[in-house]
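Here are my notes on the model, set out as numbered points. Please read them with the sequence and the structure open.

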Amino acid sequence: MNSRSPLGVASLLFMVLPIAIISSQAAIAATVVEHNVVSLGANPDGVTGSTQAFMGAWLAACRSKRPAMIIVPPGRFLVGGATFNGPCKNNAIHWRIQGVITAPADYNVLGNVGTWLLFQNVDGMSISGGILDGRGAALWACKASGKNCPSGATTIFFSSSRNIVVSKLMSLHSQLFHIVIYGCQNVRLQGVKVFASGDSQNTDGVHVQLSSRVTIMNSKIRTGDDCISIGAGTTNLWIENVACGPGHGISIGSLGKDAVEPGVENVTVKNVVFGGTQNGLRIKSWGRPSTGFAKNILFQHAIMYNVNNPIVIDQNYCPSNINCPGQYSGVKISDVTYKDIHGTSATEVAVKFDCSLKNPCTGIRLDNVKLTYKNDQQPARASCVNAGGLAFGLVQPSSCF
Ligand SMILES: *[C@@H]1O[C@H](CO)[C@@H](O)[C@H](O)[C@H]1NC(C)=O
């Protein structure tokens with residue numbers, strides 16, 4: 001009988017709590033202003049231009065002091081080049097996308113503008129769901145044929161923005177890069193999917209540059225260029241649970257393109273899988289003077305399936321041998337750890353450190369690395385030029401420091 005009294009209190013709480021939760025949800029719902037693009041004139045038929053309706057929804061959301069929800073219902077929406085500018089009067093704009101947003105079928109419409117969907121100076125925004133179809137196949141074919149083609153447009157570009165969350169977005173067939181994060185702080189991509197043909201040119205999955213505190217989690221990237229490329233001025237980047245392939249791998253670089261550029265610092269890449277990619281974990285710099293650098297990099301728990309260059313540092317990048325022959329990279333690479341990296345290399349040299357004569361790589365650590373060649377049939381090799389470091393645990397191929 002004594003236990004009845006606490007139970008009574010508990011059941012009383014259970015009766016009161018739901019009411020409190022419902023009323024707080026109602027309070028939130030009441031303050032969020034919804035803007036449905038269809039109500040604003042967007043047409044879900046995929047052929048009628050809906051750019052104006054999307055811009056109208058953005059302006060209404062951005063100019064209001066109240067939190068806003070922009071709703072893109074199911075259907076296909078044709079949107080041309082669109083720039084969503086901040087700063088906004090509120091920092092809680094949420095896009096709920098259920099439909100597909102498609103780029104113009106003719107790549108000449110976006111031509112050389114560089115970006116398709118551009119967000120600038122936005123603070124506090126989330127995007128969830130949706131498919132962005134860049135319709136890049138015709139432009140890839142043009143580029144592959146060697147004709148004179150426009151450069152194309154990045155599908156979604158975040159510039160000078162902060163506090164952005166993108167979840168469960170799918171980006172298909174971009175003309176150029178899929179997702180770019182440039183000059184941003186605190187951006188989180190989660191559950192993102194990127195798909196483009198393995199032989200499409202310059203269709204990097206995610207490119208991060210001049211940005212801090214970017215997180216890329218639980219994502220699948222299959223594309224024709226780098227799955228993730230990390231440019232100068234990237235700090236405090238976290239990449240976890242990413243599957244890459246086809247593609248060119250996860251790449252820091254190319255660094256040192258400019259004589260004066262900021263460095264890359266504190267990058268963590270963990271729990272990644274590469275399938276049939278050109279590279280796995282790569283650091284790449286131009287072979288010419290620069291103030292750039294890369295330091296405090298951790299690559300941990302990676303699995304490679306038939307990857308051409310599973311672990312590679314290449315400091316002699318000099319495409320078409322223009323403006324770099326005979327020079328040495330000024331980019332200093334230090335404190336790079338490869339820990340628990342396993343799998344198969346498609347070429348004999350599974351580990352390659354080709355560092356700068358002027359700025360040798362220092363503080364490279366190989367810790368439990370096991371890579372074999374030809375699906376385990378043959379031992380792989382490691383190659384070191386101007387590279388110094390230490391090996392721990394089982395390291396195969398054995399280190400060449
Ligand atoms: C490195 O970056 C992570 C985020 O990726 C952050 O949590 C951590 O504090 C940073 N470390 C340093 C020393 O700045």
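1. Where does proline 246 lie? The residue is in the loop between β20 (235-244) and β21. The model is a predicted one, and in it a cis peptide bond joins glycine 245 to proline 246, with omega about 0°.

2. A cis peptide bond also joins glycine 253 and serine 254; here omega is about 10°. Serine 254 is found in strand β21. Both partners of this bond come up again under the pocket, since Gly253 and Ser254 are listed among the residues closest to the centre of the largest pocket.

3. One backbone angle deserves a look. Asparagine 218 is not a glycine, yet its phi is positive, at about 50°. The residue is placed in strand β18, which covers residues 212-222.

4. The main sheet is open and has eleven strands, with parallel pairing. Their order across the sheet is β5-β8-β11-β14-β17-β19-β21-β23-β25-β27-β30. Strands β5 (82-85) and β30 (381-385) stand at the edges; each has a single partner strand, so one side of each is left without a neighbour in the sheet. From one strand to the next, the twist averages 15°.

5. Helix α2, residues 51-63, packs on this sheet and touches β5 and β8 (115-120). The direction of α2 makes about 5° with that of β5.

6. Several neighbouring pairs can be checked by residue. Strand β11 (residues 154-159) pairs with strand β14 (residues 179-182) in the parallel sense over four bridges. Phenylalanine 157 has valine 180 in β14 as its bridge partner. On to the next pair: β14 and strand β17 (residues 206-209) are also parallel and are joined over four bridges. For isoleucine 181, the bridge partner in β17 is valine 208.

7. Further along the strand order, β23 (residues 279-286) and β25 (residues 309-317) run parallel and are joined by six bridges. Isoleucine 283 stands opposite isoleucine 313 in β25. As general background, strands of a sheet pair through backbone hydrogen bonds, either parallel or antiparallel.

8. The protein is divided into domain 1 (34-220) and domain 2 (226-401). Taken over C-alpha atoms, the centres of domain 1 and domain 2 are separated by 30 Å. Between them, 18 residues of domain 1 are in contact with 20 residues of domain 2.

9. The largest pocket has a volume of about 480 Å³. It is lined by 23 residues, and the closest to its centre are His207, Gly253, Ser254, Lys257 and Trp286. The elements that give two or more residues to this lining are β17, β21 (250-255) and β23. Strand β23 supplies the largest share, three residues.

10. Which domains contribute to the lining of the largest pocket? Domain 1 (34-220) and domain 2 (226-401) each give at least three residues. By class, the lining of the largest pocket has six nonpolar, nine polar and eight charged residues.

11. How many cavities of 30 Å³ or more does the model hold? The count is one, and about 90 Å³ of space lies in the largest cavity. Its lining is made up of Phe54, Phe84, Trp95, Ile97, Ile101, Leu117, Phe119, Ile127, Leu132, Ile156 and Leu169. The elements that give two or more residues to the lining of the largest cavity are β6 (93-97) and β8. By class, the lining of the largest cavity divides into eleven nonpolar residues, no polar and no charged.

12. To sum up the two spaces: the lining of the largest pocket includes eight charged residues, whereas the lining of the largest cavity has none. For a first pass through the model, I would ask the reader to find the cis bond between glycine 253 and serine 254, and then the strand that holds serine 254, β21. From there the lining of the largest pocket can be followed through β17, β21 and β23.

Methods
Residues are numbered from 1 along each chain as its sequence is written. This is a predicted model: local features need pLDDT of at least 70, side-chain atom pairs count only at pLDDT 80 or more; totals for chains, interfaces and linings use all residues. Side-chain values use heavy atoms; hydrogens and water are left out. Two strands pair if DSSP finds at least two bridges between them. Axes are lines fitted to C-alpha atoms, for helices over the stretch in contact, and angles run from 0 to 180 degrees between N-to-C directions. Contact means heavy atoms within 4.5 Å. On a 1 Å grid over the protein atoms alone, a cavity is a set of points where a 1.4 Å probe fits but cannot get out, and a pocket is an open set with protein on both sides within 12 Å along at least five of seven lines; lining residues have an atom within 4 Å of a point. Grid points are joined across faces, edges and corners, and a volume is the space filled by probe spheres set on the points. Ala, Val, Leu, Ile, Met, Phe, Trp, Tyr, Cys and Pro count as nonpolar, Asp, Glu, Lys and Arg as charged, and the others, Gly among them, as polar. Domain bounds come from an automatic or database domain assignment.
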